[in-house]
Amino acid sequence: MATAVHGKTILLIIGGGIAAFKALELVRELRRAGAHVLPVLTENGARFVTPLSLGALAGEKVRSSLWDLEDEAAMGHIQLSRAADLIVVCPATADLLARAATGQANDLASTILLATDTPVLMVPAMNVRMWLHPATQRNLATLRGDGVTVMTPDEGEMACGEFGPGRLPEVPAIMAAIAAQFGDKPLAGRHALVTAGPTHEPIDPVRFIGNHSSGKQGFAIAAALAGLGAKVTLVAGPVHLPTPVGVSRIDVITARDMAAACEAALPADIAVMVAAVADWHVATAGQKLKKGGGAPPALTMVENPDILAGIGHHAQRPALVVGFAAETEDLLANAAAKRARKGADWIVANDVSQGVFGADATHVHFVSAAGPEDWGASPKQAVAERLAKRIADHFSP
Ligand code: CTP
């Protein structure tokens, strides 16, 4: 993927946050991949990263001020804003996001962002409260509406000691997002609907029935499809994963919510149903169940809608319907039967007796009308990329 940046010029704006030091690693990776980096350091960025180390790693002069006459004589800020193939803001602080969203031009970085006509990728990093604040969320929506790609920060422990979303994504994820900006877009103009993660079915207001699905495979597929240019709607069960770049996410809890969200997302050209949907819900989930000394409560289970089968036989059936099969025995026979029963074109069959849930690696068989193909053991990321490529080839062989 990273080779997509070879020979490209990246204008890298480094904002003032504790994550700024990671931008140095990004510069190194970009140059290793053959990109030319034009570094712009904000005044506050310079409190975390020295122009000397940044300039040395980039092999370029670091620009910081609108008022540097020497720079303006060589390349004015308007010209600079157009000199790159891509502008990356990393870290994009809450302040930079706000200034970009409101079109301010009060320093070199914000002026470049206002004057440019090249694509912009923002990589936010900030305190969790700042990230979740409605003002920041409003700014994000504005920027995305303006066509700016904004990555979702990682979740975890932060430098300030708090926990939650706000950490700078890891450098390989940033590199992948940058590469995706330059890749082929064979799925441009196609709408893909993807389900991912588990569902939770309430037993009562405090308990639920769930499963071990991590959502990793479905999120990776959504990311890969978006990377190929598809408009992706990701209907996600309860998981703590960042939303992939360029993906519209709808969070749901139960199978019935997931079915309704999928129905509302139609029409679509592609459906990839990866979620581990609960087959049943509990009939009455009104009051908290009490021990009360008697016999344990009997739960009455009611069958959930089969979302894949519903989509596979829908009046507005997407042109390509892909299901997953989680099996513990007779993998290929069960997958072929599921393919026919649910009206899917393809089934990606997973042997879940071997600890696939939550893991990063898997071993799948791809089952189509032509029969099964063994895709061997590979990371979920690789399965996602291979499947997305196969989907793209299906539409433009
Ligand atoms: N699926 C779905 N809605 C359901 C159940 C499953 O959309 N209510 C989808 C899954 O997302 C997956 C496929 O159907 O793409 C197969 O899921 P799996 O759990 O393997 O099969 P089930 O239909 O649940 O059948 P069984 O549990 O009998 O193996």
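A polar contact is taken here as a pair of N or O atoms within 3.5 Å; between protein residues, one atom must be able to donate a hydrogen and the other to accept it. In this predicted model, that rule finds one residue pair in polar contact across the interface of domain 1 and domain 2, with both residues at pLDDT 80 or more. On the domain 1 side of this interface, β6 (154–157) and α9 (171–182) each supply at least two of the residues that touch domain 2. Sorted by class, that side of domain 1 has four nonpolar, two polar and two charged residues. The count of salt bridges between domain 1 and domain 2 is zero.

The wider arrangement of the chain can now be described. The domain assignment places domain 1 at 2–182 and domain 2 at 191–395, and their C-alpha centres lie 35 Å apart. Contact between the two involves eight residues of domain 1 and five residues of domain 2. About 470 Å² is buried between domain 1 and domain 2, and carbon and sulfur atoms give 63% of that area.

Attention turns next to the ligand. There are 14 residues around the ligand, of which Met 273, Ala 275, Leu 308, Lys 338 and Lys 342 come nearest. For Lys 342, an N or O atom of the side chain is 2.4 Å from an oxygen atom of the ligand. The side chain of Lys 338 likewise places a polar atom 2.6 Å from a ligand oxygen. Asp 279 also takes part, with a side-chain N or O atom 2.9 Å from an oxygen atom of the ligand.

Technical notes. Residues numbered from 1 in each chain as written. Predicted model: local features only at pLDDT ≥ 70, side-chain atom pairs only at ≥ 80, totals over all residues. Heavy atoms only, no water. Domains from an automatic or database assignment. Contact = heavy atoms within 4.5 Å. Buried area = accessible area lost by both parts, 1.4 Å probe. Salt bridge = Lys/Arg side-chain N within 4 Å of Asp/Glu carboxyl O. Helix = DSSP H or I, 4+ residues; strand = E, 2+ residues; numbered from the N terminus. Nonpolar A, V, L, I, M, F, W, Y, C, P; charged D, E, K, R; others polar. Near = heavy atom within 4 Å.
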